[in-house]
Amino acid sequence: MTNALDLYFECRESIVDLRQLRHFLALVEHRSFVRAADAVRITQPAFSRSIQGLEQELGCQLIDRGAKDLRPTPEGLVVLQYAQELVRGASNLAHEVKRMGKLDAGELCFGCGPAPAARLVPETMALFVRQYPGIHVRFEVNNWERLARQLNKDEIEFFVADIRYFRTNPNFQTLPLEPRPGVYFCRPGHPLLDRGRLTLGDLLDYPLASARIPLETRKTLANLKGVTDFKLNIECDHLPALEQIVRGSDTVGLITAEAIQPSLEARRMVRLPVDLPHAERSGAQCGIVTRTGYRVSAAARAMIDLLCEQDRRLHPATAA
């Protein structure tokens with residue numbers, strides 16, 4: 001009987017049709033020539049000839065036809081393992097070639113944090129859609145921890161968010177954008193507006209609401225408050241909802257100046273007069289995060305280039 005090692009080298013030397021391997025995988029999955037033939041959309045006689053041809057090419061029987069469930073033979077189990085890898089590799093190759101081609105079709109999936117979702121990403125998306133209308137784009141707004149999990153699962157190609165956690169992590173590559181400083185704000189008529197210059201203690205007498213803040217900012221706030229850890233009273237990654245909460249209560253909001261600027265100009269919100277040493281760090285140190293060693297698609301590269309260009313337009317002085 002042919003052993004696994006002999007069979008491996010026979011597979012390498014044989015001209016194996018990927019179509020035959022797909023048929024074999026279908027037979028193992030459905031355990032029926034009729035159902036498997038139907039699944040791959042060919043006639044049952046043609047399907048049987050395909051399996052027989054594969055067995056003749058490899059010089060061994062792959063399916064125990066005497067068994068009621070048509071289980072694979074020992075040689076068939078070895079072929080099954082390599083067939084899965086070869087078919088998967090061929091599919092990945094076709095996908096890679098397709099997505100590295102012209103940008104007149106295809107799909108782009110990426111993520112962004114609440115801060116860049118306020119202005120940078122929507123404005124860049126408008127530019128991208130005008131230039132590449134054939135690309136289907138899906139992007140999700142979430143905090144940087146959840147976006148990192150999605151990146152590791154290949155659910156997104158990259159994300160735009162606070163990069164402080166990822167700069168020293170060898171599994172990720174970061175491309176810095178301009179920092180977005182933080183702003184404390186409240187509704188018009190808030191009791192704090194009658195006190196003049198404010199301290200952190202004044203702010204923390206009221207509930208504090210923000211998107212998820214980095215560990216370094218939490219530590220700073222905890223030290224200033226004299227506690228071991230600092231937890232927000234309200235954590236929300238959806239900035240319009242966050243603003244509505246602040247508008248309807250005495251909650252103090254912490255958000256990037258870029259995100260809250262329209263509401264400040266419209267006088268729906270008021271910037272609190274507080275000068276704290278951590279104010280800059282309370283914002284978002286934005287950047288683009290990809291996985292180390294992972295080549296992004298042409299669509300993703302085009303989007304990243306546009307994000308960098310738009311970031312420079314939004315912050316011309318600091319970019320220069």
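Which residue takes a positive phi just after H4? It's Gly59, at about 75°, and the views below come back to it. Keep in mind throughout that this is a predicted model.

**View 1. The five-stranded open sheet and its strand order.** Reading across the sheet, the strands go S2-S1-S3-S10-S4, with mixed pairing. At the edges sit S2 (136-141) and S4 (172-176), each of which pairs on one side only. From one strand to the next, the twist averages 25°. Helix H8 (residues 144-152) packs on this sheet, touching S1 (107-112), S2, S3, S4 and S10. The direction of H8 makes about 150° with that of S3.

**View 2. Strands S3 and S10, side by side.** Strands in a sheet pair through backbone hydrogen bonds, in either a parallel or an antiparallel way. Here S3 (residues 159-162) and S10 (residues 286-291) run antiparallel, joined by four bridges. To get your bearings, pick out Val160: its bridge partner in S10 is Ile288.

**View 3. Helix H13, largely enclosed by the rest of the structure.** H13 covers residues 298-314. At 1.5 Å a residue, its 17 residues should span 24 Å, and the end C-alpha atoms are indeed 24 Å apart, so the two agree. Of those 17 residues, 12 are buried, which is why the helix counts as largely enclosed. Among the buried ones are the alanines Ala298, Ala299, Ala300 and Ala302, along with Met303, Ile304, Leu306, Leu307 and Leu314. The buried set also includes Cys308, Gln310 and Asp311; hold on to Asp311 for the next view.

**View 4. Arg180 and its polar contacts.** Arg180 is in the loop between S4 and strand S5 (182-186). Is Arg180 buried or exposed? Its relative accessibility is 1%, so it counts as buried. The Arg180 side chain makes a polar contact with the side chain of Asp311 at 2.8 Å, and Asp311 is itself a buried residue of H13. The same Arg180 side chain also reaches the backbone oxygen of Glu178, at 2.6 Å.

**View 5. Helix H4, with its buried residues on the same side.** H4 runs over residues 44-58. Its 15 residues should span 21 Å at 1.5 Å a residue, and the end C-alpha atoms are 21 Å apart, so expectation and model agree. The buried residues are Phe47, Ser48, Ser50, Ile51, Leu54, Glu55 and Leu58. They cover an arc of only 155° around the axis, which means they lie on the same side of H4. Turn to the face away from that buried side and you'll find the exposed residues Arg49 and Gln56. Just after the helix comes Gly59, with its positive phi of about 75°.

**View 6. Arg31 and Leu70, two loop residues with positive phi.** Most residues other than glycine have a negative phi. Arg31 isn't a glycine, yet its phi is positive, at about 55°. You'll find Arg31 in the loop between helix H2 (18-30) and helix H3 (33-40). With 31% relative accessibility, Arg31 counts as partly exposed. Leu70, also not a glycine, has a positive phi near 50°. Leu70 is in the loop between H4 and helix H5 (74-99). At 12% relative accessibility, Leu70 counts as buried.

Conventions: Residues are numbered from 1 along each chain as its sequence is written. This is a predicted model: local features need pLDDT of at least 70, side-chain atom pairs count only at pLDDT 80 or more; totals for chains, interfaces and linings use all residues. Side-chain values use heavy atoms; hydrogens and water are left out. Two strands pair if DSSP finds at least two bridges between them. Helices (H or I, at least four residues) and strands (E, at least two) are DSSP runs, numbered from the N terminus. Axes are lines fitted to C-alpha atoms, for helices over the stretch in contact, and angles run from 0 to 180 degrees between N-to-C directions. Contact means heavy atoms within 4.5 Å. The expected span of a helix is 1.5 Å times one less than its number of residues. Buried means under 20% relative accessible area, exposed over 50%, partly exposed in between (1.4 Å probe, protein chains only). A polar contact is a pair of N or O atoms within 3.5 Å; within protein, one must be able to donate a hydrogen and the other to accept it, and residues adjacent in sequence count only if both atoms are side-chain atoms. The arc is that of the directions from the helix axis to the C-beta atoms.
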